[in-house]
Amino acid sequence: MPGEPWSSGVRRGPDGALSVGGVDVRELAAAQGTPAYVLDEADLRERARSYRRAFETAFAEVGAGVDVYYAGKAFLSVAVARWLHAEGLRIDTATGGELAVALRAGVPGEHVGLHGNNKSDAEIARALDAGVGRIIVDSLVEVERVAAAARARGGAPAPVMLRVTTGVHAGGHEYISTAHEDQKFGLSLATAPGAQDEDSPAMTALLAVLAHPELELLGIHSHIGSQILDPSGFEVAARKVLELRAALAARTGFLVPEVDLGGGYGIAYLPGEVSLDPDRIAKDIAASVAATSAELGTPLPRFSIEPGRAIVGPAGLTLYTVGTVKPVRVAGGGAGPEAETFVRTYVSIDGGMSDNIRPALYGADYHAELANRLSDAAPVLARVVGKHCESGDIVVHEVLLPGDVRAGDLLAVPATGAYGRSMASNYNHVPRPPVVAVAEGETRVLVRRETEDDLLALDLG
Ligand SMILES: Cc1ncc(COP(=O)(O)O)c(C=O)c1O
Ligand SMILES: N[C@@H](CCCC[NH3+])C(=O)O
């Protein structure tokens, strides 16, 4: 069993080939083609269960309830929404499209949340019609827009949470850190310098929600970033949210019933890295919110969290076929004619930045291994690159691969279950790969491969 960053169902057989969920990758590649995203169903379900178990247990110990919402942006399909709902998770959506998948899966509206910093009126209307359990409001104008949509419908008030930015900056890359002040999400807890008498944008929006009879203020939401490996940021952000909740209660007498602490739990991408341990973080966060609430003299709210990557990321791998292998002599630094050089072996695969944009977008690092055989050839320093017209079309910046890696070999890249297929594109008119689930020796295509005909059907000539 290879261990992290591979899913728990990955094995290396006696002949050196990888299998996942009891399916040999050579058979899988022959039947489904490559590139293909391969999802280890048992691993995915176990991660969902372990997050739910960890948080339910730790929060029950301090006397609080908790719901786990799976952040569908990481990867959503009808089957995955059904599996995760069956495991007791709810579904967090960020657009009308994700909402449509959750509803198509039969997830009841009250177990679905809708996020978005720029929801359209149609998205708001659809969420209300579906009876979603919560709309996470992201701006003051949206308070008015959701209230207007709820008023137009009549009936029960719309359940809303307000997304706040706590100023806690966490996560793997500036683009995926979402609670520092200079960005588009949420409402800030900070007041303008020198304007101590003024309310923060977050407090102003909470008061605005309370002033609307068409809205039910369900909670306060904080999401501080993604791929967070130092969990202390969660506790700092939670304290700020609980302080805001106490301040609102002191001001209005209304104690917000729920607090969402967002997602962002980091995973291993490379051998030697370790994913956050849900038991450990759940215990730490529960102890910290209990202490803060006691200090503030407010009873604990109901909590929720929104992990995406930590549930689906490690459960997925991408299978590629090797094409061109090209040794390239590279200057190694130093100056003058004696500058050292070394050889980097560029291993081109049949996908690339269209199925995994994360290395190009965030400089994210991945690992790759030869998947169809073992080799005792001496390792070479390799860079796994795609087939797109970009020199930044890199899937793995640096990895040691056997020196005899050649056309026709299969490469497996682990930990691609999150933000791979969901951020895939058709750059260079490359059809997007399928998502194939494996479990107990069986294969099931969850999302079929796109075809050139699919792409041409959009082109009306
Ligand atoms: C509001 C919100 N919730 C949940 C998530 C899921 O994050 P992750 O996949 O890092 O757990 C995100 C993405 O960062 C998000 O923006
Ligand atoms: N898509 C990002 C994370 C952002 C998540 C959504 N707020 C990633 O691949 O890491």
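The domain assignment splits this protein into domain 1 (10-33 + 315-457) and domain 2 (42-310). The model is predicted. Taken over C-alpha atoms, the centres of domain 1 and domain 2 are 34 Å apart.

**Where the domains meet**

In the contact between them, domain 1 supplies 18 residues and domain 2 supplies 22. On the domain 1 side, β20 (435-439) and β21 (442-447) are the elements that give two or more residues. β20 gives the most, with three residues. By class, this side of domain 1 has 12 nonpolar, four polar and two charged residues.

**Strand β9 and its partners**

Strand β9 spans residues 158-165, and eight of its eight residues are buried. In general, side chains in a regular strand alternate between the two faces of the sheet. Which residues of β9 are buried on one side and on the other? Ala158, Val160, Leu162 and Val164 lie on one side, and Pro159, Met161, Arg163 and Thr165 on the other. Both faces are covered.

β9 pairs with β8, β11 and β10, as the table shows.

| Partner of β9 | Sense | Bridges | Residue pair |
|---|---|---|---|
| β8 (residues 134-137) | parallel | three bridges | Ile136 and Met161 |
| β11 (residues 215-222) | parallel | seven bridges | Ile220 and Leu162 |
| β10 (residues 187-188) | parallel | two bridges | Leu187 and Val164 |

Ile136 has Met161 of β9 as its bridge partner. From β8 the chain runs through helix α6 (residues 140-153) to β9, a right-handed β-α-β crossover.

**The annotated binding site**

An unreviewed UniProt entry carries the annotation "binding site" for Arg309, Arg358, Tyr362, Glu390 and Tyr419. These positions spread over 111 residues of sequence and, in space, up to 26.8 Å between C-alpha atoms.

Two of them, Arg358 and Tyr419, touch each other. Arg358 sits in helix α11 (residues 358-362). Is Arg358 buried or exposed? Arg358 is buried, because 22 other C-beta atoms lie within 10 Å, and 20 or more is the cut-off. Leaving aside residues up to four places away in sequence, Arg358 touches Ala364 and Tyr419.

Tyr419 lies in the loop between β19 (410-414) and β20. Tyr419 also counts as buried, because it has 25 C-beta neighbours inside 10 Å. Which residues does Tyr419 touch, not counting residues up to four places away in sequence? They are Ala74, Arg309 and Arg358. Arg309 and Arg358 are both among the annotated positions.

Key:
Residues are numbered from 1 along each chain as its sequence is written. Chains are lettered from A and ligands numbered from 1 in the order in which they are written. This is a predicted model: local features need pLDDT of at least 70, side-chain atom pairs count only at pLDDT 80 or more; totals for chains, interfaces and linings use all residues. Domain bounds come from an automatic or database domain assignment. Two residues are in contact if their C-beta atoms, placed from the backbone, lie within 7 Å. Helices (H or I, at least four residues) and strands (E, at least two) are DSSP runs, numbered from the N terminus. Ala, Val, Leu, Ile, Met, Phe, Trp, Tyr, Cys and Pro count as nonpolar, Asp, Glu, Lys and Arg as charged, and the others, Gly among them, as polar. A residue is buried if 20 or more other C-beta atoms lie within 10 Å of its own, exposed if 12 or fewer, and partly exposed in between; C-beta atoms are placed from the backbone. Two strands pair if DSSP finds at least two bridges between them. A crossover is right-handed if, with the strands pointing away from the viewer, the path from the first strand over the helix to the second runs clockwise. UniProt positions are given in the numbering used here, feature names are shortened, and annotations may be inferred rather than shown by experiment.
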